[in-house]
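Visitor: I would like a close look at one part of this model, please. Take me to a spot where nonpolar side chains come together, and then show me what else is worth seeing along the way.

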Amino acid sequence: MLLNGRNTKITPRAAEVAGITSTVPQPNTRHTATAKRHKAAQRARRVSAIVASAGPVMEKDVTSVSATGLPRTAVIGVLGGGQLGRMMALAAANMGVRLKCLDPTPDAPAAVAAEHVQGHFRDAEAIEDFVKSKGVDVLTMEIEHINTDALMQAASDVKVDIEPSPATIRVIQDKFAQKQHFAAHGVPLPQFRNIKCRGCMEGTGKAFGYPFMLKAKRLAYDGRGNYVVRSEADIDSAVAALGGFEAGLYAERFAPFVKELAVMVVRSRDGKVVSYPVVETIHKNNICHVTEAPADVPPAVQAKAREVAEQAISCLEGAGIFGVEMFLLGNGTLLLNEVAPRPHNSGHYTMDGCVTSQFENHVRAVLGWPLGETRLTSGCAIMLNLLGEADGDEGVRQAHDLMAKAYNTPGCKVHWYGKDGMKVGRKVGHVNILASSREEARAKLGALDPAGLAALQRSSAAYAAVSAASATDASGGRPLVGIIMGSDSDLATMKAAAAVLEEFGVPVELTVVSAHRTPERMFEYARTAHSRGLKAIIAGAGGAAHLPGMVAAMTPLPVIGVPVKPSGAHLDGLDALLSIVQMPKGVPVATVAIGNAANAGLLAVRILAAHDPRMLDRMLAYQQGMTDTVLGKAAKLEEVGWAAYKV
């Protein structure tokens, strides 16, 4: 509620902030609202807000767009005015919302769309003066490395609403406290421990093994503040590199990840949590280089990643957008790496690739407005960071050469941050690439940055190899599917089933078993199949086609019949198909089209997937691949026309 032009909280937020410690915050589901007294022509209007817990409903502000949120004329103050503040301000401007930023640099990038106040976001006096002089209704930030004591002092003195809450910022900016917080709420994490002395380091080496990660608790980002300890001989150099024990250190068990994933999650004032699609992040020199949405992992992994991300953000306090980074291990396990309480590099693709960008949703969240849709608007969205490749003018030239390629590539959108000068590794902009399929998006990326494409391709290949190996490991290398046929002449047809199963990483045994010429062999094969570890049998047969039915009569396993058109046969294979489907009651045999052993292999995979989550993931990925292929062909046909299309 707004009284005399200043914010007065209905809930006990002020006392809560004034006495806050690093205690783990609990989920906050209250509704908060403030409003700003209008100036000039608006002064005569009554300023009020509706708060769910505030009792009788008061008159709404004429610029209100939400029953429980701030009016459109409310002022958002942002601590920090870098590229994230710039993109936040541009999104706010499109919504008719005023944004003002506090930043120490004289020409902050956010000044292009926000009122810039020069001052440091770690200075309590500067924060307080900023809020008072600029009539800030709600304070948020584009950087978590702020002075939370100064922030809480300002909040206590000025009574300004802060989203996310200072308690959340304090927990997240100390990465060890962050790990403790999420561990207490059951979020999956790598093992970690506090480091206070050399003995702690030696003990960690014995407990975690080498290598392990040594990390700074504070002010660590873009690879800074991390050190890989490969042996006991590295201990002293690792500690010294991170500022010594007194700087605040902790250790993490090394996570042998196969992919780095990230999810942007937006949290409303009433505690509602909504997530964006899962992306894969590729780093260059520890700086985000490329992101791809959706990540090239099976839908089941994507669903689990969103679940972990939402679980993490649900146990924080305050509204806004959060970036959640995690590791995907080879066995399918997901471990949270860290969380950023602000817009994040891994969410830049949302500016052009989603219905609502991360920046717009952050503004909506802190104002208490309804959250926007987070779904993708295209089949695939890739973000390519524009990073300084050289210092000075040469770096500027190289960045603009890349931008020129992007402007000449359909489906690309360039975002320039307006920073002065150029340094190696500096983030100066990004390119969003949109396409109807992953294949098409990656082709466009390759035209702009071949190294970025190669990194994505290596990641996909490595993940596929690990997934296939894990399937073999799970069976101990024993065959899971048996492929049998009445004659080696059937191999020309049946090898397609073996190829499919091999593609899915399923161990196979393939042999000749004739129902007529080797009946005893057939009996032995069928009766022992389940005890040898087989889970399904694919049987090819032509002519009389007795093999599938006879085997099905003697095994408890599912049997898939493949009608084969024998070489030199007078009929077209229809006789085999009819024979296989005419099994008597009690002897079920599945079948596929004549000669379609590939479908038999796919059906066997689905049988395995019913009890193997990893196989289910691979089947889902296979289906998505078919969808992407069709969409890619459709897009090409529509682009070049039927006459130029090459089948």
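Guide: We will start with the whole chain, settle into one nonpolar core, and then walk outwards from there. Please keep in mind that this is a predicted model, in which local features need pLDDT of at least 70 and side-chain atom pairs count only at pLDDT 80 or more, while totals for chains, interfaces and linings use all residues. Residues are numbered from 1 along each chain as its sequence is written, and side-chain values use heavy atoms, with hydrogens and water left out.

The protein chain contains 20 helices and 25 strands; these are DSSP runs numbered from the N terminus, helices being H or I with at least four residues and strands E with at least two. Of its 647 residues, 53% are buried. Here buried means under 20% relative accessible area, exposed means over 50%, and partly exposed lies in between, using a 1.4 Å probe on protein chains only. Contacts, meaning heavy atoms within 4.5 Å, also reach along the chain: among those between residues at least 6 apart in sequence, 65% join residues at least 24 apart.

Now to our chosen spot. In soluble globular proteins, nonpolar side chains tend to be buried together. A nonpolar core is a set of buried Ala, Val, Leu, Ile, Met, Phe, Trp, Tyr and Cys residues joined through side-chain atoms within 4.5 Å. The largest one here has 28 residues, and Phe-182, Leu-261 and Met-326 touch the most other members. At least two residues each come from strand S12 (257–267), helix H9 (299–314), strand S16 (320–329) and strand S17 (334–340). H9 is the biggest contributor, giving 6 residues.

Let us stand at Leu-261 and look around. Setting aside neighbours within four places in sequence, Leu-261 is in contact with Val-278, Val-279, Glu-280, Ala-295, Val-301, Ala-305, Val-324, Glu-325, Met-326, Leu-328 and Leu-334. There is also a second, separate core of 25 residues, whose members include Phe-504, Ile-560, Val-592 and Val-605.

Some backbone details come next. Most residues other than glycine have a negative phi, and most peptide bonds are trans. In the loop between strand S14 (279–284) and strand S15 (287–293) sits Asn-285, with a positive phi near 55°. Because its relative accessible area is 67%, Asn-285 counts as exposed. Asn-286 is in the loop between S14 and S15 as well, and its phi, near 70°, is positive too. Then, in the loop between S15 and H9, we reach Pro-294, which is joined to Ala-293 by a cis peptide bond with omega about -5°. Another cis bond links Tyr-210 and Pro-211, with omega about 0°.

H9 leads us on to an open space. Rolling a probe the size of a water molecule over the atoms shows where empty space is left. On a 1 Å grid over the protein atoms alone, a cavity is a set of points where a 1.4 Å probe fits but cannot get out, whereas a pocket is an open set with protein on both sides within 12 Å along at least five of seven lines; lining residues have an atom within 4 Å of a point. The second largest pocket holds about 910 Å³ of space; that volume is the space filled by probe spheres set on grid points, which are joined across faces, edges and corners. Its lining has 32 residues, and Asp-296, Arg-438, Ala-621, Tyr-622 and Gly-625 are the closest to its centre. H9, helix H13 (438–448), helix H14 (450–474) and helix H20 (613–640) each bring at least two residues to this lining, and H20 brings the most, 10. By type, the lining has 16 nonpolar, 9 polar and 7 charged residues; Ala, Val, Leu, Ile, Met, Phe, Trp, Tyr, Cys and Pro count as nonpolar, Asp, Glu, Lys and Arg as charged, and the others, Gly among them, as polar.

Our last stop is His-516, in the loop between strand S22 (508–512) and helix H16 (519–528). His-516 counts as exposed because its relative accessibility is 52%. Beyond four places in sequence, His-516 is in contact with Ala-544 and His-546. The C-alpha atoms of His-516 and His-546 are 8.2 Å apart, although 30 residues separate the two along the chain.
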